[in-house]
Number of protein chains: 4
Amino acid sequence: MRHRSDMTVELIQSMASDSAVVRAARVSTGANAKQLVDPAKDAGLINYLMRDRHGSPFEHNAFTFYIEAPIFVFREFMRHRIASYNEESGRYKELEPVFYVPDLKRKLVQTGKPGAYIFEDGDMSQLIQVYDATYKANKLAYEQYKKMLAAGVAREVARGVLPVNLYSSMYVTMNARSLMNFLSLRTMREGTAFPSYPQREIEMVAELMEEWFAVEMPMTYEAFNRNGRVAP
Amino acid sequence: MRHRSDMTVELIQSMASDSAVVRAARVSTGANAKQLVDPAKDAGLINYLMRDRHGSPFEHNAFTFYIEAPIFVFREFMRHRIASYNEESGRYKELEPVFYVPDLKRKLVQTGKPGAYIFEDGDMSQLIQVYDATYKANKLAYEQYKKMLAAGVAREVARGVLPVNLYSSMYVTMNARSLMNFLSLRTMREGTAFPSYPQREIEMVAELMEEWFAVEMPMTYEAFNRNGRVAP
Amino acid sequence: MRHRSDMTVELIQSMASDSAVVRAARVSTGANAKQLVDPAKDAGLINYLMRDRHGSPFEHNAFTFYIEAPIFVFREFMRHRIASYNEESGRYKELEPVFYVPDLKRKLVQTGKPGAYIFEDGDMSQLIQVYDATYKANKLAYEQYKKMLAAGVAREVARGVLPVNLYSSMYVTMNARSLMNFLSLRTMREGTAFPSYPQREIEMVAELMEEWFAVEMPMTYEAFNRNGRVAP
Amino acid sequence: MRHRSDMTVELIQSMASDSAVVRAARVSTGANAKQLVDPAKDAGLINYLMRDRHGSPFEHNAFTFYIEAPIFVFREFMRHRIASYNEESGRYKELEPVFYVPDLKRKLVQTGKPGAYIFEDGDMSQLIQVYDATYKANKLAYEQYKKMLAAGVAREVARGVLPVNLYSSMYVTMNARSLMNFLSLRTMREGTAFPSYPQREIEMVAELMEEWFAVEMPMTYEAFNRNGRVAP
């Protein structure tokens, strides 16, 4: 049995560039649709598209990520419908005993009311409580899972006792427009046009995805930030 | 703490009729698009649309269901992207201790290999093992959940220990085309055009949804069954 | 041959209410999810959902419209992918000679550059030019269409000469979230959060749809307007 | 003014491989998800996925095409909603006088009834009739378009007279699953699981796209053909 506090995000493959945004946008005017002009103009066009929310030119690209995160993160992730998913299955394989626990930096205490929650640091006794409770519950759950398997019970039945902090893995493919929608909802930043209050654990995944996005489409990424992190 | 073996599916609202399928299909020829002709012809047209997979006329309708099922069922359900979901949230409320266990009819033993699994009855000792393991693991998990809450830990952190056989609830809205796709993948029947091997628990939900579909759109439902239960 | 300047939008069927928005939103907290509290609280909740862009509760509803508009309007309309369409087909029926011309109020002159066009009134001589050109081109096109049909040429080949101002008809079904996205992009209003510059003819269709939306979901409609006409 | 009978399909960029299908499928069992085993096993797995309609592994890829085709083809094309489009705009640029006419091989005569049309060769007099009618109607339409522009009428108003056989251009991005759905509906082949009766002109576009698909994902393409050309 293993506990971890980090998330894995690997960029498996991508077809992504700022120039494809520009090219797709320019097909509407037919002007040099298939060749680039100059970087300054391209950045200006991308910024204009982002600001006025012309979203479709940001769809001619794709990113495939390999992600490891707890089930409760995947539950939120898969509510995003404009994406393609393949996940590890508890029906087809015996699941590994790897579980999530928050690390020292994770704010543990929630105050305020729905729609306006504030998270604050816990104290050390609260973290110990979390670790103790998580360890005991995870340990017994996994033992019972193994006991059922040993008795010849089907994996898909036995897995019922496993908790939502169990790690799973998946491939997900999405385009930049969908990715920006994901980032706008699953990260919390000062000064965005619309507020978002994501659970910290999915934000950790989002932040790792965001790094790849910044590398692959720098002009688009800059325009996204400059215009309030609203998906166009 | 409570254990249950059944699923809840209520039809909350619907806008559904065979006549809307016919009307939408007839707009393409402009012939009497807005009035009905006679039931026999309507059934024939619906059967033709289903057989040759003209799917779009089956989209002008909607069903909203209220569903209670374990988290592991919702995990599979929400992979269906052409639908609208709102689910109970472990971030916004304290979750109730209601858990799923299989009943006596649930086949417990899986043989064969991926893609061709066969499920067989378990014996009584296996069911006892499942009940014992599930009860113990669920009980401890929920106790630890409550302990963390009592210590002031945020709900979204504490819920990590809760298992995937915990019941959740949601509203889902989908149209008949999407519903037929769901039924084709999430029920197992003899003689369908394509085989499906759903987990029994999501099939239980699908069967309850199917009853409503049969009532609301009887001609469409009959055509669906007659043509191999393939979503058009 | 007939020319017209108006659009037809009929609400054929709907399953829509503000209360379903509230109910779907409340399932997340489990509090009274299935019963209503009081109108003032409901309006407040809907306004909050709209403002902070919690969009999914606005999807549990559906509107089916019957629409008559020129082909160039349908071309823009069908770029909206979260909707269901069935349109009259030039392959399956002989198309009627009904064509669009702008009326006296339609601004005919475009100035400015892409992304910042301004439309201004034309003078009478320009409108006469439009009517004369449209009448002549439509008349000859339809005559040639009929000539090809008379010679035994397939409808789908003959229709190639017909212009994009020919009227077509369709059924379209969409939910309120998708409808709000349509309205935000296809109407131009002062003071919206994001500017839109729709072609006037699709805006005429949008305005007629908007009237139905206002009637069916008044609280949602008010919240949409109050929050900058951004689709949540 | 120019008339042409061919379609343009260029593959602008792609992120596509059979190995990504295999990798995504294998994540469900966790077995060697990230490395390849051997080509024979891969082909077998892909064939199994296709046959039993496990569609999601075919979504982790993307193709961007640049396409030139008449407006009536784009009208059909854009009914496919699982794709991303950017098209040349008659609002933003003056449209070029390039029009479609069928070539000598195009079957011109349609017999039979809706749902079971048969196309047969026309005779030379019919083709002459098509050419004559098309030339005259196109010529006058374009002249009237130019006349309105010369009078200062906005492009978006003037374009109303232009016919649906006018060429347009677009970028479209789609994944292999969506592409297979497109091919299954927009090509007609003997022996497919479901019959399709596409208009010849969109089939010409589909055939050119299919060539690229065959090159980029040969195992997937073979499995698609072997299993009745049904999109998984």
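Reader: In which helix of chain B do B:Y142 and B:Y145 both lie?

Author: In this predicted model, B:Y142 and B:Y145 stand 3 residues apart in the sequence, about one turn of a helix. The helix that holds both residues spans residues 124–150 of chain B and is α4.

Reader: How many aromatic pairs does a search of the whole structure find, and are the planes of B:Y142 and B:Y145 stacked, edge-to-face or tilted?

Author: Over all chains, the search finds 42 aromatic pairs. In the pair of B:Y142 and B:Y145, the ring centres are 5.4 Å apart and the planes meet at 50°. Planes under 30 degrees apart would count as stacked and those over 60 as edge-to-face. The angle of 50° falls in neither range, so the pair of B:Y142 and B:Y145 is tilted.

Reader: Which element gives the largest share of the side of chain A that touches chain B?

Author: The contact draws 53 residues from chain A and 53 residues from chain B, with 25 residue pairs in polar contact between the two chains (both at pLDDT 80 or more). On the side of chain A, α3 (71–77), β4 (84–87), β6 (109–111), α4 (124–150) and α5 (155–158) each supply at least two residues. The largest share, 13 residues, comes from α4(A).

Reader: What area do chain A and chain B bury between them?

Author: By class, the residues on the side of chain A that touches chain B divide into 28 nonpolar, 12 polar and 13 charged. Carbon and sulfur atoms carry 54% of the area buried between chain A and chain B. That buried area is about 4,700 Å².

Reader: How many salt bridges are counted between chain A and chain B, and how far apart are the closest N and O atoms of A:E87 and B:R75?

Author: Side chains of opposite charge can pair when their charged atoms come close. Between chain A and chain B the count is 6 salt bridges. A:E87 forms a salt bridge with B:R75, and their closest N and O atoms are separated by 2.9 Å.

Reader: Which residue of chain A comes closest to the rotation axis?

Author: A turn of 180° with a shift of 0.0 Å along the axis lays chain A on chain B with an RMSD of 0.0 Å. Of the interface residues of chain A, 100% are also interface residues in chain B, so the copies meet through the same surface. At 1.9 Å (C-alpha), the residue of chain A that comes closest to the axis is A:P163.

Reader: How many residues apart in sequence are the parts that A:R91 and A:E156 tie together?

Author: The side chains of A:R91 and A:E156 meet in a salt bridge at 2.8 Å, N to O. A:R91 lies in the loop between β4 and β5 (98–100) of chain A, whereas A:E156 lies in helix α5 of chain A. The pair therefore ties together parts whose separation in sequence is 65 residues.

Reader: Which residues of chain B lose the most area to chain D?

Author: The contact takes 13 residues from chain B and 13 residues from chain D. About 1,200 Å² is buried between chain B and chain D, with 51% given by carbon and sulfur atoms. Together accounting for 40% of what the side of chain B buries, the residues that lose the most area are B:D52, B:R53 and B:F194.

Reader: Which residue of chain D meets B:E59 in a salt bridge?

Author: The count between chain B and chain D is 2 salt bridges. The side of chain B that touches chain D has 4 nonpolar, 2 polar and 7 charged residues. At 2.8 Å, N to O, the salt-bridge partner of B:E59 is D:R81.

Key: Residues are numbered from 1 along each chain as its sequence is written. Chains are lettered from A and ligands numbered from 1 in the order in which they are written. This is a predicted model: local features need pLDDT of at least 70, side-chain atom pairs count only at pLDDT 80 or more; totals for chains, interfaces and linings use all residues. Side-chain values use heavy atoms; hydrogens and water are left out. Contact means heavy atoms within 4.5 Å. Buried area is the accessible area (1.4 Å probe) that two parts lose on being put together, summed over both. A salt bridge is a side-chain nitrogen of Lys or Arg within 4 Å of a carboxyl oxygen of Asp or Glu. A polar contact is a pair of N or O atoms within 3.5 Å; within protein, one must be able to donate a hydrogen and the other to accept it, and residues adjacent in sequence count only if both atoms are side-chain atoms. Helices (H or I, at least four residues) and strands (E, at least two) are DSSP runs, numbered from the N terminus. Ala, Val, Leu, Ile, Met, Phe, Trp, Tyr, Cys and Pro count as nonpolar, Asp, Glu, Lys and Arg as charged, and the others, Gly among them, as polar. Copies are superposed by least squares on the C-alpha atoms of residues with pLDDT of at least 70 in both. Rings of Phe, Tyr and Trp (its six-membered ring) pair if their centres lie within 6.5 Å; planes under 30 degrees apart count as stacked, over 60 as edge-to-face and the rest as tilted.
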